[in-house]
Amino acid sequence: MCAGFPDFRLGKVLATSFTGTLSERHGDAVERIPTPHRLVDWLAVNGLAVDSCTTAQLDLARELRESIHAAATAAAIQDALPASAVQVINDCSAQGRAAAVLTPEGERRWRLSSASCVEDALSVIAADAINIIAGERDGKLALCASPTCQAAFFDTSQSRTRKWCDMNTCGNRQKKARFHANQRKNPRSAE
């Protein structure tokens with residue numbers, strides 16, 4: 001990735017991976033799309049390549065990201081969905097021109113309009129959010145157990161009991177913290 005920027009946290013679910021472009025929301029927040037070009041990079045990595053991005057389009061993307069996060073968080077805790085978040089998600093979903101296409105390998109990919117604009121890519125992300133928040137995909141929305149993260153993620157594990165948005169970051173950090181706390185309690189166990 002581009003030097004000077006934090007790595008993207010990529011997942012298997014487009015909408016919740018997009019909300020992960022702002023991580024550690026309840027700690028020292030990390031913005032992973034601080035510039036329009038960085039949003040172009042994220043979209044390309046996720047199969048939604050666009051030609052360019054303006055500051056206004058980045059602002060729209062961030063508004064969508066925060067709306068998805070708010071709605072997914074509400075759904076995860078079985079609370080009412082915020083009306084303003086629902087409106088932003090619906091508006092973004094309706095304004096794009098993207099089509100699902102089938103690859104020869106039997107996978108779904110997205111084809112954006114010939115102009116390949118950010119709004120088309122955002123419509124795909126919004127549609128994915130609608131699918132998971134509405135319960136149309138096999139899985140469950142949950143919140144990361146890390147007190148500094150609490151990101152909404154889509155749990156597709158067999159038991160639907162996953163605790164962390166990403167085991168390599170939040171889960172590992174929590175396990176290390178428990179290990180070090182146990183070491184401080186029982187210093188002889190390390191010998």
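Which residues have the most contacts inside the largest nonpolar core? In this predicted model, they turn out to be Phe 18, Leu 39, Leu 64 and Ile 125, sitting in a core of 36 residues. Quite a few pieces of secondary structure chip in: two or more residues each come from helices H1 (14-19), H2 (36-45), H3 (55-76), H4 (83-95) and H5 (118-133), and from strand E6 (152-155). H5 puts in the largest share, with nine residues. As a general backdrop, nonpolar side chains in soluble globular proteins tend to be buried together.

Leu 39 gives a good look at how this core is wired. Setting aside residues up to four places away in sequence, Leu 39 touches Phe 18, Ile 33, Cys 53, Gln 57, Leu 58, Ala 61 and Val 118. There is also a second core, separate from the big one and made of seven residues, with Ala 142, Cys 149, Phe 153 and Cys 170 among them.

Aromatic pairing is a short story here, since a search of the whole structure turns up one pair. The partners are Phe 18 and Trp 42, with ring centres 5.1 Å apart and planes at 55°, so the pair counts as tilted; the cut-off for edge-to-face would be over 60 degrees. The two rings bring together distant parts of the chain, as Phe 18 belongs to helix H1 and Trp 42 to helix H2, 24 residues apart. Both Phe 18 and Trp 42 are buried, and Phe 18 is also one of the residues with the most contacts inside the largest core.

Next comes the packing of H3 against H4. Two packed helices are described by the angle between their axes and the distance between the axes. For H3 and H4, the axes come within 8 Å and cross at roughly 125°. That angle makes H3 oblique to H4, because the roughly perpendicular range stops at 115 degrees and roughly antiparallel needs over 145. The crossing itself is left-handed. On the H3 side, the contact is built from Leu 60, Glu 63, Leu 64, Ser 67, Ile 68, Ala 70 and Ala 71, while H4 supplies Ala 85, Val 88, Ile 89, Cys 92 and Gln 95. Leu 64 shows up again from the list of residues with the most contacts inside the largest core.

Cys 92 leads on to Ser 123, a residue of helix H5. With neighbours within four places in sequence left out, Ser 123 is in contact with Cys 92, Ser 93, Gly 96, Arg 97 and Ala 98. Ser 123 has a relative accessible area of 5%, so this serine counts as buried.

Note on methods
Residues are numbered from 1 along each chain as its sequence is written. This is a predicted model: local features need pLDDT of at least 70, side-chain atom pairs count only at pLDDT 80 or more; totals for chains, interfaces and linings use all residues. Side-chain values use heavy atoms; hydrogens and water are left out. A nonpolar core is a set of buried Ala, Val, Leu, Ile, Met, Phe, Trp, Tyr and Cys residues joined through side-chain atoms within 4.5 Å. Buried means under 20% relative accessible area, exposed over 50%, partly exposed in between (1.4 Å probe, protein chains only). Helices (H or I, at least four residues) and strands (E, at least two) are DSSP runs, numbered from the N terminus. Contact means heavy atoms within 4.5 Å. Rings of Phe, Tyr and Trp (its six-membered ring) pair if their centres lie within 6.5 Å; planes under 30 degrees apart count as stacked, over 60 as edge-to-face and the rest as tilted. Axes are lines fitted to C-alpha atoms, for helices over the stretch in contact, and angles run from 0 to 180 degrees between N-to-C directions. Angles under 35 degrees count as roughly parallel, over 145 as roughly antiparallel, 65 to 115 as roughly perpendicular and the rest as oblique. A crossing is left-handed if the near helix is turned anticlockwise from the far one by less than a right angle, and right-handed if clockwise.
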